[in-house]
Protein chains: 2
Amino acid sequence: MQGTPSQQRPAATAYPPTERTVPTRSPDRAAYDKELVHAILDEGYVCHLGFVRDGAPVVLPTLYGRVGERLYVHGSTGSRPLRAAGQAEPGLPVCLTVTHVDGLVLARSAFHHSINYRSVVVHGPAYDVTDPEEKRQALDALVDHVVPGRAADSRPADKKELAATAVIRLDLNEVSAKLRTGGVNDEPEDLALPHWAGVVPLRRGYDTPLADPGLAPGTELPDYLAAL
Amino acid sequence: MQGTPSQQRPAATAYPPTERTVPTRSPDRAAYDKELVHAILDEGYVCHLGFVRDGAPVVLPTLYGRVGERLYVHGSTGSRPLRAAGQAEPGLPVCLTVTHVDGLVLARSAFHHSINYRSVVVHGPAYDVTDPEEKRQALDALVDHVVPGRAADSRPADKKELAATAVIRLDLNEVSAKLRTGGVNDEPEDLALPHWAGVVPLRRGYDTPLADPGLAPGTELPDYLAAL
């Protein structure tokens with residue numbers, strides 16, 4: 001089937017909006033551009049994973065990694081959502097959300113206080129990853145998502161560790177980003193009020209790495225960590 | 001009934017664990033102490049709120065505030081979860097999760113990589129707040145949760161704004177904290193490996209506030225913002 005017209009088309013650059021990825025409020029803040037979604041996802045490493053258990057929602061913080069159009073989440077094979085994903089057919093319905101807070105928006109009126117943020121919400125079925133090669137690649141992606149370059153500078157998981165680790169996959173199909181940027185939006189009649197208004201940007205970063213006291217002699221802080 | 005033995009007892013200092021607040025994995029990381037839970041909640045202002053819509057989980061980032069043993073979340077009266085809470089009887093089942101990442105734990109082995117974090121997970125029904133006084137107090141708490149002292153230094157919501165704002169309440173009954181602190185836990189046989197290992201602490205803070213260009217003449221940066 002190579003060379004058919006549909007295959008010659010460039011890959012879509014945006015995720016198609018669906019009923020649940022179009023917000024009922026502030027639709028102007030929603031975005032579906034793949035590059036933007038990837039950038040937001042790649043800037044973080046902790047997501048909030050939602051699933052339904054006994055009819056009630058559960059939201060847990062967990063690490064994630066991205067390989068192309070797939071997200072991976074890992075955990076112990078004993079963890080409840082990962083066990084459920086392994087058993088569910090066809091996959092466990094999840095919602096994976098990543099949020100970066102960029103600034104506090106302080107308006108003159110309490111009502112117009114807001115937050116500058118960028119978030120991505122992914123809906124879809126999560127599948128247990130059983131292929132050993134995909135699992136290994138996913139675990140590398142998870143480590144490199146936290147610290148780029150780290151997977152190659154650590155001992156890879158051995159067979160026993162791989163067996164103890166469950167990995168679930170969530171494809172990027174039903175995806176939206178939501179953003180708020182910019183300054184204060186006060187009502188015109190409030191502009192003369194004596195309250196300070198503006199944006200307080202958040203600072204993100206790392207403090208000096210604290211070496212484990214038992215490092216092998218001569219082990220230096222690697223460049224990829226010094227660069228953080 | 002005043003003075004009965006049960007009323008003379010001091011208020012419980014911990015949330016009673018329930019089937020869903022006792023983790024299947026790493027139960028040693030779970031905590032139920034109220035002071036600890038309050039401290040984690042009060043350090044943040046963005047939560048991830050999970051609810052079930054058409055049988056599937058939805059997780060959205062949103063602001064929250066705390067007043068004693070009650071959490072408040074607000075939004076437009078047009079937003080889906082808030083509308084659902086208003087209609088649900090007896091309340092909308094939600095899961096509200098707050099997470100602080102404190103450090104990256106880089107082990108010699110990929111398997112023992114981890115994150116130092118503190119999180120709180122609250123389960124329960126969310127109720128629409130209809131009492132005007134409770135609503136006003138909740139909105140003040142929401143603003144003050146982001147910047148302590150700010151609610152008193154902004155124009156309070158007027159009737160129209162109050163009517164356009166939905167507030168939902170979630171009581172702190174079924175609550176757990178989960179924490180990971182400390183250093184690297186490598187396998188003894190990995191200690192001699194030449195990989196750097198240790199903890200990279202996260203730094204949180206704010207950059208210089210950016211004043212709105214239209215501030216009323218003579219409006220200075222307030223002390224509570226300079227202190228951030």
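This presentation describes a predicted model of two protein chains, A and B, beginning with one chain and moving to the contact between them.

Good morning, colleagues. The model is predicted, so local features need pLDDT of at least 70, side-chain atom pairs count only at pLDDT 80 or more, and totals for chains, interfaces and linings use all residues. Residues are numbered from 1 along each chain as its sequence is written, chains are lettered from A and ligands numbered from 1 in the order in which they are written, and side-chain values use heavy atoms, with hydrogens and water left out.

Let me begin with chain A. Its secondary structure comes to six helices and 10 strands; helices (H or I, at least four residues) and strands (E, at least two) are DSSP runs, numbered from the N terminus. Along its principal axes, the C-alpha trace of chain A spans about 65 × 55 × 45 Å. Of the 228 residues of chain A, 51% count as buried. Here buried means under 20% relative accessible area, exposed means over 50%, and partly exposed lies in between, with a 1.4 Å probe and protein chains only. A contact means heavy atoms within 4.5 Å. Among contacts in chain A between residues at least 6 apart in sequence, 71% join residues at least 24 apart.

I turn now to the interface. How many residues does each chain bring to the contact? Chain A and chain B each contribute 89 residues. Together the two chains bury about 7300 Å², with 61% of that on carbon and sulfur atoms; buried area is the accessible area (1.4 Å probe) that two parts lose on being put together, summed over both. Of the area that chain B buries against chain A, 11% is supplied by B:Arg155, B:Trp196 and B:Arg203, more than by any other three residues.

Across this interface, 37 residue pairs are in polar contact, both residues being at pLDDT 80 or more. A polar contact is a pair of N or O atoms within 3.5 Å; within protein, one must be able to donate a hydrogen and the other to accept it, and residues adjacent in sequence count only if both atoms are side-chain atoms. On the side of chain B that touches chain A, elements supplying at least two residues each include β2 (46–53), β3 (56–67), α4 and β10 (210–211). The largest share of that side, nine residues, comes from β9(B).

Next, the salt bridges. A salt bridge is a side-chain nitrogen of Lys or Arg within 4 Å of a carboxyl oxygen of Asp or Glu. Over all chains the structure holds 34 of them, and eight are counted between chain B and chain A. One salt bridge joins A:Asp190 to B:Arg155, with the closest N and O atoms 2.8 Å apart. This pair crosses between chains, from the loop between β8 (174–180) and β9 (198–206) of chain A to the loop between α4 and α5 (159–164) of chain B. Both A:Asp190 and B:Arg155 are buried.

B:Arg108 takes part in two salt bridges that I would like to show. With A:Asp212, the closest N and O atoms are 2.9 Å apart. With B:Asp186, they are 3.0 Å apart. B:Arg108 lies in the loop between β5 (92–106) and β6 (114–128) of chain B and B:Asp186 in the loop between β8 and β9 (198–206), so the pair ties together parts that are 78 residues apart in sequence. Both B:Arg108 and B:Asp186 are buried.

Within chain B, B:Arg20 forms a salt bridge with B:Glu174, the closest N and O atoms being 2.7 Å apart. The partners are 154 residues apart: B:Arg20 is in the loop between α1 (5–8) and β1 (30–31), and B:Glu174 is in strand β8 (residues 174–180). Is B:Arg20 buried or partly exposed? B:Arg20 counts as partly exposed because its relative accessibility is 30%, whereas B:Glu174, at 16%, counts as buried. Both residues are among the contacts of B:His123, which also include A:Pro57 and A:Val58 from the other chain. B:His123 is in strand β6 of chain B and, at 4% relative accessibility, counts as buried.

My last residue is B:Tyr64, in strand β3 of chain B. Its relative accessible area is 0%, so B:Tyr64 is buried. Its side chain reaches the backbone oxygen of B:Leu41 at 2.5 Å, and a polar atom of that side chain lies 3.2 Å from the backbone oxygen of B:Gly44. B:Tyr64 also touches B:Leu142 and B:His145, among others. These two are among the buried residues of α4(B). Thank you.

Definitions and conventions. Lists of a residue's contacts leave out its neighbours within four places in sequence.
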